Structure formats: structure tokens, C-alpha cells
Amino acid sequence: MPQGDYIELHRKRNGYRLDHFEKKRKKEAREVHKRSQTAQKALGIKGKMFAKKRYAEKAQMKKTLAMHEESSSRRKVDDDVHDGAVPAYLLDRDATTRAKVLSNTVKQKRKEKAGKWDVPLPKVRPVAEDEMFKVIRTGKRKTKQWKRMITKVTFVGQGFTRKPPKYERFIRPTGLRFTKAHVTHPELKCTFNLEMIGVKKNPNGPMYTSLGVVTKGTIIEVNVSELGLVTPAGKVVWGKYAQVTNNPENDGCINAVLLV
Amino acid sequence: MVQYNFKKITKVPTGKDFVDIVLSRTQRQTPTVVHKGYAINRIRQFYMRKVKFTQTNFHEKLSTIIEEFPRLDDIHPFYGDLLHVLYNKDHYKLALGQINTARNLIGKIAKDYVKLLKYGDSLYRCKALKVAALGRMCTVTKRIGPSLAYLDQIRQHMARLPSIDPNTRTILICGYPNVGKSSFINKITRADVDVQPYAFTTKSLFVGHTDYKYLRYQVIDTPGILDRPFEDRNIIEMCSITALAHLRAAVLFFLDISGSCGYTIAQQSALFHSIKSLFMNKPLIIVCNKTDLQSLEGISEDDKKLVEEMKSEAMKTLIGQGGEPREGAEVLLTMSTLTEEGVIAVKNAACERLLDQRVEVKMKSKKISDCLNRFHVAVPKPRDQKERPPCIPQAVLEAKAKEAEKGKKKLEKDLEEENGGAGVYSASLKKHYLLAHDEWKEDNMPEILDGHNVYDFVDPDILQRLEELEKEEGLLQEQEDDEVEMDVEDLTPQQQKELAEIRKKKSMLIREHRIKKSTAENRPIVPRKFDKDKKFTSERMGRQLSSLGLDPSKAIERVRSKSRGRKRERSTGVDDMNVDDDGSNKKMRLRSLSRSASRSRSRPPTDVVIPGEGFKDSAQKIKAFKLGKKSVQKRNKDARKGEGDRVIPTLKPKHLFSGKRSNGKTTRR
């Protein structure tokens, strides 16, 4: 025992107090009442936090209790019915399915015409122009209003140089330019921080695609060389599409889901 | 002398608690209300403030953790090693490094989100950004949760380490388990170490303090060491090895000659030889304990040989220190903690050896010369070879001899003891009173008489005072006056006139002197410019000195040289009216003549070092003078009288309070 452990040393030499164990037991029994008192009296944010914590604890307790109560009793086992199982009185008939068979190519063509793709977010809320652009007044008397500043997150490529300030109509502020995205692989369920290569399509219109605006639902192309994917032919895949799943201007980061 | 106080480290909160503390702080100490209708700048500022505030708090708390935990490279190597043995240096550094990275990450997050907040154009957007920022900071903190828990554990353990000062006088006790180390320390200090019959009762270092020759020594008890190769040692043994390796202490190696610890003398001597490299430069004493069970002479021949071997090793360290090889008794001692014989002797020997070694080292070090420079024992130079022993008068010698044969004076204490002790006998304090009559000694003196305190009226000189009082009242004066009047009547009128004249002159002289004394003010009483009559000339001084019987020539010369210089100056001034070519020559003459007057005090040149001034050599002295002058320079430039002179000559100098400005407004002055 180290030199500073006075309590333990005293206990070793003289033993516990005569009422030590009784006091301890009673104190622990009183804890329950004290806790309920604080739960009822706590107000404001403290009360809310305590209630949340307590709720989680209670839920956990219920689960453990249910687990303990599971008894090893025997139950009836249901046999699953096979697909295509036929009742006894139809056994002799041939099953014919009448369906229109369409070839894959026709299906693809139809999809393309409709403009519907197999993406995680098929529909997004449209973004109005006045939400997207902020009008900037210029000129000596501040009467010209042809400049616009983009208020959403944008992506500009690496070799991007802007037009001379006198002539640029759309201002993409540096603070809102992002180069990386947090991309989740839907099957592996893990997220990687990958570099963006470009904006493929913005659902709000071709103008936004050309400007490089990244909003919710935009398809972006990301550099997946980190993942080490390989085509069946043996070539290394280094770029894949992903769809943005959050509002980057509200969260400060781009979260996307990889399109496999 | 730094005392390592690991108890001052603040508690490290767990990851969850940390987040709770900082977030609740933010919620309480920043404004909470913001509405949609406010100006967008106001909304932005509101949220930016929250983000910044949270980041500052995180930064502050993480910084205190990083700074309070000691850096293993910066503290004394003994503590560095001890902490490494107990907690593993790498884990410790990793944990602190993680906290540092977390701190930097949180800073970056705050910076990025504050930048983004500048583009927030609605309340919802700003709020969402703030939530994202705080969320990310909290995630970072939750990730370092395990490191925080580890650091808190370490902190609790460190606070319980014994406070060992690695620089002071230390005595280290080492040896096999169960040889009697803890009982020894219990005997000489107040440390209450557990003593049990099983081995490894002591599992960590224990500290006790003891005194010797008015100095405090710390005694460190170590856990027992077994004879094993170095790599196989466990943490407990490593503690003692660390203490042995890093502390400059006197080492007491304990030997159990009775073998009741369970290990033979052969095993113990094997241990000694394996760790003897750790005893380098340390005063070593081999202590044979448990002599009540088995004395040192009674052991077998082989054991005696082993003991002699150990003793010779210890003697080697003694000689290596440079001390004269004293008797071997100083190196090998026997004692028994049970019967307490020899315990004090061992302690004294160890303290003595340690003190000698430390003094020796200090004398050889560089710092001692700083102290020695300040001392200068001035010994008068012997004029001749005559011996001059102290002179004691004969009467004193005789008195001393008489007293010696008379014996010791009887003290009051002895008297008290004779007559029954402290509670029974009370000394009569009045028996040495000096009074006119001896019978008055035992009298009770009243304290209050007629309503007055007697002590207010007690005065030993009361009769003398009475006389003076009577004198003042003029009773004696009358008697004198009668005598004086009689004298005056006896004189003739001419003598009376002369007497009156003499008295007048005397009173005038007294008055004059009084005036002179009050107006002189440390100046020469008659400045030369007021001496219009030219009464005070050098001839008059010469005449007065010769009338006294002294030789005036030297004094006159000295005075003449000063005055001569002045006279010359005046004459050359007249010639300067004509324009001369050898003006430079005249200037040189001027300077050489006036120089005799300019040396007011004779001082030795600044290079010469007088012993006793406190300077090492002349270079140091010159530097000291330069530093002194430099420190005064700035003050003199400001025309200040001294350090405390805070006078501002002009409170509102004109150039600051008036005039127009070439550009800008003049609203501030």
C-alpha cells in the first residue's frame, strides 16, 4: 500500500467503523428516492437533459429485463410456403404466365426518354432563382443590377480562373467553394472523404450544372482511387458518380451516396 | 528548489462530461434570444459568437490539461524514470498528443464554420451551421474520451506518490526483502511503514525525515530487490532501481546475517555484486541487521569471506571519493532493530558520510567562488616577529581558579528539585533584592493607598528631585545672590566699569556665535566674497598656527596653490581680448592649471580590485560600474532627481493641446 493511502491503512490496522456497513446500505437505499426527487425538481435545460438520459437508461433496462424473462420454451415452427407452390387440386395443370416481355434495351430507352434514373433521391425540392442568386448592385450610383452572387455551395475545377471582375455576371464566393465530399458506399456502409472531379447534373436546370452549383440531389463525380475498385476487364476505376443527400450550405459539408 | 507537486493537477473530466460542461457553459454565458426579424448581421454575429465561444472554452480546458501534466523530459530524471516505470512513457505521451491534436482540430472547425457563417442569409441557415459546428467539435471530444479517462487515472496515482525532493540530503535503504529496512526507517523517522513477516510488504517508495546536526535528511525506504537479470525485474523492483540510479544519496545496504529473511548471505552478497555499479560515487555503508539473532563473529568462514569482499568493495568507494582511508568501522556496521542497539550509530555514520561528500562536491563546484568573492578576511600585517599573546589580568585568573575549586554555583533548579520538585517548592523571588536594609526584603508592598496606585508615586530619585524643585523655587538662589552682591560692592568704581565692559563683550560674543551657528548651514562661516576687510588671509592663518606651536608652511602652500591657480586664470582672460594665434596653447595652459582644482577627492583607478569589495576581477568591476551608470542614465535624461521622482514638469504641454492637424479631425487630444 503506498504511503499516502491513509484511509486504507487505518482500515487495515483498526478495521471499519462499527456502523459502516449499515450506513452504506441505507445510503444506497436512499439513492432511489433522491433520484426521483431531482427528476421531479430539475427545471429548464437541466431537466430536459436529465429526462433524456433517464429515458435511455429506462429503455435499456426494459430490454435487459425482457431478455432475462425469455424462457427456453418450445414453440410451433411455421413451414414457409415455396414460391410457385401449387395446391394439390391444381397439380396437373401447366402454369402459364401471361406477361408482356420487353427487352432490356427498350426499357432503357423508355427510361432515358422519361428522364428518370435509378438514384437514391429521385425527387428533390426545386430551388427558386431568388433563393439561389443574390442581386449585387454595381456602378457609380449602384443602379446596375446585372451581377448575381451565388448563395449555394459550388464546385469549381482546379484550373479555374474567373473572368475579369468587370465582366463576370455570376460570382462564386471562395468561402462557398468545396473540393471534397463525404461519400458513403451503400453496401459497405462506410464513409470516405473523397475529392470531387466535377458536377455531372444539377436537377434544377442545365444553367446550374454549368455553373457548378451543388445542391441536394446533384449528381457529382468523385475520385474513388482510394477504394481500389477494379473493372472485370482489369482496369482500375478511378471516377464514379455519387448523389448529394444533404443541403451543403446549411451543414458546411457535402454528404453523398455512391451510385453503384 | 522545486518541490514536485503532482497534487495540483486539476481533475480531467470524462469525454461526456467535458462536452456537457462546455455546452452548458455556452448556453449560460452567451445571449440566447434571436428572432427572424432581426437584421441579418445581427443574426450572423449571434451565431458566430456561439461558435467562437465554444471553441475558446474547449481550447482553454484542453490547454490546462496539456500544461499541467508534467513533461517527462523537463522534470528531474528521477521522476521521469519513476513515471516511465509506473505508467509507460509512450502511452503517456500518446495520450497527451491526442489531446493536442483534438485541440487543433477544434480550432480548425471553428475557423471554417465562422467563415461559412458570413454567407448565411437566413436565420435557419445560420442556426443550422452553428449546430453543425458545435456537433463536430463535440464528436472530436467524444473520440478522445478513452485518453481522458487514462489521464485521469494517472493523475490520481501521481497525486499519491510520496513527495521526494531529489536535490536534498537523502539516505537510501536497499537490500533483499524482509531484511529489516522498514523497521529501521520506523525507528529513526516518524514514517509508519507496514512491517510484516512476508516478503514484499513494502510495494512502493516510502519517505521519512530525520534530523542530524540541525539539518534535515530524508530517508527513503525501497521495496526489496531480488537477484534477477535486469530485464526480468517487475515494476516494484524497478522503482527501487530507479531511486538508486538517479538520487544522489548515501546508500545503506542491508544484510541479514541470521538468514531469517529466507535468503542466505551468499544470495545477498550475489545481489550486492550485481547492483554494485549503481553505488558509484555514493557513500556506501553495509549494515548487518538482526544481530540479536546471530552476531557478526558467529557466522561461518565462507560467509565471513563474502562479507569481507563486500566490505572491500565498499572501501573502494570510500577511497574513490578522495577521503582518507579511515578505519573500516565506518563502512561495515552492525545493529539490531529489535533491541535498538547500533541504530543511532548507523544513522549518524550515514549522515556524516553524506554530509562530507556533499560539502566536498560543493567546494569543488564553480558556484562557491561567487560566495568566496564576497568574503575578505582582513588580517593585520605583522609588524615584527614579537609574539603578542592575549593579556589576562592576574586578578581574573585568581578568581577563576577560586571559582573552579569552589565548584558549580547552585542553581535555582537544583534547589527546586531538592525541596520537592516543581509543584511543591516555590522559589522566593525577592531574596536577591538590593535594598538599603536587608529586613525590608520580605515586606509586603501595598499596591493601593488612599485611593491612589502606589506605583504611580514610586520614584528612586525622589530625594534628588525634591532638591531640584527647591532650587527652582529660588530658595537656594537667594543664598547665591547674596554672595554675588557682596562681591560687586567690594570692587572700586573703575573695576566695576571694567567688569561691566567684560560682561558686555562676553554677551556680544555669545550672541554673535549663536547667529553664526544658526546661519552657517554647513558652509564655511565666512565666504570669501563677504570678507571685505580681508581679515581671513593666509598670513593670519600662518600667524595663528605658529602661535599654537605648529608648522604652518605646508598649510599655506596648499592654500596658495589653489589661490594661485585662480589668479592666473584672471590674467590670461585679459590677454584674450587681443586675437592671438597661439590660442590653443593658452587653452592647454588653462586646462592644466585648472586641473589642480578639479580633483576634489583622490580615488584609485576603476581597474584595481580591492579584496573585500566583492568583485572577481577587474573586468567584472568595470562592467558593474558601467551597468550602474547605464541604469541611471535614463533617469538623468528625464531630469529626475531620483527613482521616486514622479514630477511632471508641465501637465498640459502646449504642443499637445493646441494647433490644427494637417489631415483628420481634432476631436481627440
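Asp5(A) and Arg160(B) are joined by a salt bridge, with their closest N and O atoms 3.0 Å apart. The model is predicted, and four salt bridges are counted between chain A and chain B. The points below cover the interface and then a sheet of chain B.

**Interface of chain A and chain B**

- Seven residue pairs are found in polar contact across the interface of chain A and chain B, both residues of each being at pLDDT 80 or more.
- On the side of chain A that touches chain B, the elements giving two or more residues are α1 (6-14), α3 (44-69) and α7 (248-251) of chain A.
- The residues on this side of chain A comprise nine nonpolar, seven polar and five charged.
- In total, 21 residues of chain A are in contact with 24 residues of chain B.
- About 1800 Å² is buried between chain A and chain B, and carbon and sulfur atoms give 48% of this area.
- Gln3(A), Arg13(A) and Asn250(A) account for 31% of the area that chain A buries against chain B, more than any other three residues.

**Sheet of chain B**

- An open sheet of six strands in chain B follows the order β2-β3-β1-β4-β5-β6, with mixed pairing.
- β2 (206-212) and β6 (332-334) of chain B are at the edges and have a single partner strand each, so one side of each lacks a neighbour in the sheet.
- On average, neighbouring strands of this sheet are turned by 25 degrees against each other, direction ignored.
- Seven bridges link β2(B) to β3 (215-221) of chain B in the antiparallel sense.
- Asp211(B) stands opposite Arg216(B), a residue in β3(B).
- Helix α9 (265-275) of chain B packs on the sheet, where it touches β1 (170-175), β4 (250-256) and β5 (284-289) of chain B.
- The direction of α9(B) makes about 160 degrees with that of β4(B).

How values were computed. Residues are numbered from 1 along each chain as its sequence is written. Chains are lettered from A and ligands numbered from 1 in the order in which they are written. This is a predicted model: local features need pLDDT of at least 70, side-chain atom pairs count only at pLDDT 80 or more; totals for chains, interfaces and linings use all residues. Side-chain values use heavy atoms; hydrogens and water are left out. Contact means heavy atoms within 4.5 Å. Buried area is the accessible area (1.4 Å probe) that two parts lose on being put together, summed over both. A salt bridge is a side-chain nitrogen of Lys or Arg within 4 Å of a carboxyl oxygen of Asp or Glu. A polar contact is a pair of N or O atoms within 3.5 Å; within protein, one must be able to donate a hydrogen and the other to accept it, and residues adjacent in sequence count only if both atoms are side-chain atoms. Helices (H or I, at least four residues) and strands (E, at least two) are DSSP runs, numbered from the N terminus. Ala, Val, Leu, Ile, Met, Phe, Trp, Tyr, Cys and Pro count as nonpolar, Asp, Glu, Lys and Arg as charged, and the others, Gly among them, as polar. Two strands pair if DSSP finds at least two bridges between them. Axes are lines fitted to C-alpha atoms, for helices over the stretch in contact, and angles run from 0 to 180 degrees between N-to-C directions.
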